[in-house]
Amino acid sequence: MQSGGVASRSADSRTGNGSPSAVDAVSLAIIEQLQEDGRRPYAAIGKAVGLSEAAVRQRVQKLLDQGVMQIVAVTDPLTVGFRRQAMVGINVEGDLDPVAEALSAMAECEYVVMTAGSFDLMVEIVCEDDDHLLETINKRIRAIPGVRSTESFVYLKLKKQTYMWGTR
């Protein structure tokens, strides 16, 4: 796994109709540089994209402030004590927003996505072990008012996890 990376186009950077915020070609090139190495110096990025170090610093800060990207350490959950991951499909009675907000507040929930299809919400959860997974689903997720049913898809092996989709 990478020691640092950039996840671009966060949920907050999308407009109400699902289209991403406008990002120019130079900013996309900066994002690509950071996706390759989240610790790459601004001077090196500047050389690659044709800007000064100061201009890159300003652009990166603007992208961060606008919620277009985040610079984070990407870990392999197994190596840091989280031995169980699962995707949980959730069906909700009534308004999705309060349920999505409650899930978003849970540390175990890495992604919370409103969907069209068999489930109203899809949630990726990361837990320490099977007991933690059971407690999270049974005692916490199913206890949220409005949750009608859940279906769990336990990860057996993670084959691919990248964050490079932000600029293709």
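## A buried cysteine

Cys 127 counts as buried, with a relative accessibility of 0%. Here "buried" means under 20% relative accessible area, "exposed" means over 50%, and "partly exposed" covers what lies in between (1.4 Å probe, protein chains only). Across the protein chain, buried residues account for 35% of the 168 residues.

A quick word on what you're looking at: this is a predicted model, where local features need pLDDT of at least 70, side-chain atom pairs count only at pLDDT 80 or more, and totals for chains, interfaces and linings use all residues. Residues are numbered from 1 along each chain as its sequence is written, and side-chain values use heavy atoms, with hydrogens and water left out.

## Do cysteines pair up here?

How many disulfides does the structure hold? It holds 0, going by the rule that a disulfide is a pair of cysteine sulfur atoms within 2.5 Å. The cysteine sulfur closest to that of Cys 109 belongs to Cys 127, but it sits 8.4 Å away, so it is too far for a bond. Cys 109 is also buried, at 10% relative accessible area.

## Helices and strands

The protein chain has 5 helices and 6 strands. Both are DSSP runs numbered from the N terminus: helices are H or I with at least four residues, strands are E with at least two. Start at the N terminus and you'll meet the elements in the order β-α-α-α-β-β-α-β-β-α-β.

## The open sheet

Four of the strands make an open sheet, in the order β4-β5-β3-β6, with antiparallel pairing. (Two strands pair if DSSP finds at least two bridges between them.) At the edges stand β4 (109–114) and β6 (147–154); each has a single partner strand, so one side of each has no neighbour in the sheet. From one strand to the next, the twist averages 20 degrees.

Inside the sheet, β3 (residues 84–92) and β5 (residues 121–127) run antiparallel and are joined by 7 bridges. Ile 90 stands opposite Leu 121 in β5.

## A pocket to explore

The second largest pocket holds about 200 Å³ of space. Its lining has 12 residues, and the closest to the pocket's centre are Leu 78, Gln 85, Leu 156, Lys 157 and Leu 158. On a 1 Å grid over the protein atoms alone, a pocket is an open set of points where a 1.4 Å probe fits, with protein on both sides within 12 Å along at least five of seven lines; lining residues have an atom within 4 Å of a point.

What kinds of residues make up the lining of this second largest pocket? They divide into 7 nonpolar, 1 polar and 4 charged. Ala, Val, Leu, Ile, Met, Phe, Trp, Tyr, Cys and Pro count as nonpolar, Asp, Glu, Lys and Arg as charged, and the others, Gly among them, as polar.

Conventions:
Grid points are joined across faces, edges and corners, and a volume is the space filled by probe spheres set on the points. Axes are lines fitted to C-alpha atoms, for helices over the stretch in contact, and angles run from 0 to 180 degrees between N-to-C directions.
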